[in-house]
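I opened the model to look up how one sheet and the helix beside it are put together. My notes follow in the order I made them.

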Amino acid sequence: MRRRMPVKAVKQIWLDPQPQGTRAVYLVEARNEEEAREVSNLFAELETDLQVRQLSQGKLFSYAVKIRQDQQATLAELEFALRSNFGFVILHRSFDEVIYKIVDELCADTGSQLLPIPRCNICGKIEPFPDTVVNLADQGGETIASGAYCGTCTAASSARSNKEFLLSLLLADTRDFSALEDMQFVRAKSQKQSIKFRIQSRAEQIRAVNN
Ligand SMILES: [Zn+2]
C-alpha cells in the first residue's frame, strides 16, 4: 500500500538537477582519536571542492565522493595523502552495492557506526548522490516533501518537457503523489539551475479560461 502524500498545501515544486561526475569510495581505519580527527578534518576540507558524503564513523571512516571530470587527479592525490598517513586505506573507484556491503561488514567487524544515507524514492537503491532532487513546498517556501532519484530511474523517464519529467518522477515514487495530477502547474522564476513551477490557484485557472 503506497502512502498517500498530503499535497493540498503544495504551492511550489522545483527540480534540482545535480552536477554530473564520477563516484568513488574511500575507507580509512583510524587507530586512535587523533587519526579519527585527522581523517574527519581532511574530508571536511574537501567538501569545499567536492561532493562528500560520510558513510561510516568510529574505527572505520568511509566516505563517498563525487568528482567532476576535471577533478580526476584529485582521486589519486587523496589516495596518496591517505596512504602516507594511515595504515589501512581502500579506494574504490565507483559507488555500488558491493562496496557498500564491504563498508557494512567492516563496520560490523570493527564496531563502527554505519550512517544513514539516502535511497532512491523510486527503486530503493542506496544513493549517496541522487541525480535529481524534487522539492515540494507550501506558499511560504517551507518544504512539505522531497524526492531523491537515482541516475537509472531519472534516465528511464521519457518525458518531453520539464513539467512531464517532474510529474513522471513523482508518479513513479514509492509514495503516492497522484493527487498532483489534478493540479495546474505554471513555470515560475527560479534561481541557479533549479527548474521551478508554482501551482495555479482555482481562481487563476478560471481567469485563464475566461481570457
Ligand atoms: Zn532509482
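Before naming anything, I fixed my terms: a helix is a DSSP run of H or I with at least four residues, a strand is a run of E with at least two, and both are numbered from the N terminus. I also noted that this is a predicted model.

Entry 1, domains. I looked up how the chain is divided and found domain 1 (12–18 + 130–210) and domain 2 (22–114). Their C-alpha centres lie 34 Å apart.

Entry 2, the sheet. I read the strand order of an open sheet of five strands as β5-β2-β4-β3-β6, with antiparallel pairing. The edge strands, which pair on one side only, are β5 (89–92) and β6 (113–114). I reminded myself that strands of a sheet pair through backbone hydrogen bonds.

Entry 3, the pairs. I checked β2 (residues 22–29) against β5 and found four bridges between these antiparallel strands. Within this pair, Y26 has L91 of β5 as its bridge partner. Next I took β3 and β4, which run antiparallel and are joined by five bridges. Here S56 stands opposite S62 in β4. The hairpin of β3 and β4 has two residues between the strands, and G58 takes a positive phi near 125 degrees in it. I then turned to β3 and β6, an antiparallel pair with two bridges. S56 appears again here, with L114 as its bridge partner in β6.

Entry 4, the helix. I placed α3 (residues 97–110) across β2, β3 (51–57), β4 (60–67), β5 and β6, and its angle to β4 is about 160 degrees. α3 has 14 residues and spans 20 Å from its first C-alpha to its last, close to the 20 Å expected at 1.5 Å a residue.

Entry 5, the sides of the helix. Which residues of α3 are buried? I listed I99, Y100, V103 and C107. They lie on the same side of α3 because they cover an arc of only 100 degrees around the axis. I then looked up what these buried residues pack against, and noted β2, β3, β4, β5 and β6. On the face turned away from the buried side I found the exposed residues E97, V98, K101, E105, A108 and D109.

Entry 6, after the helix. I followed the chain past α3 to G111, which has a positive phi near 70 degrees.

Notes: Residues are numbered from 1 along each chain as its sequence is written. This is a predicted model: local features need pLDDT of at least 70, side-chain atom pairs count only at pLDDT 80 or more; totals for chains, interfaces and linings use all residues. Two strands pair if DSSP finds at least two bridges between them. Two residues are in contact if their C-beta atoms, placed from the backbone, lie within 7 Å. Axes are lines fitted to C-alpha atoms, for helices over the stretch in contact, and angles run from 0 to 180 degrees between N-to-C directions. Domain bounds come from an automatic or database domain assignment. The expected span of a helix is 1.5 Å times one less than its number of residues. A residue is buried if 20 or more other C-beta atoms lie within 10 Å of its own, exposed if 12 or fewer, and partly exposed in between; C-beta atoms are placed from the backbone. The arc is that of the directions from the helix axis to the C-beta atoms.
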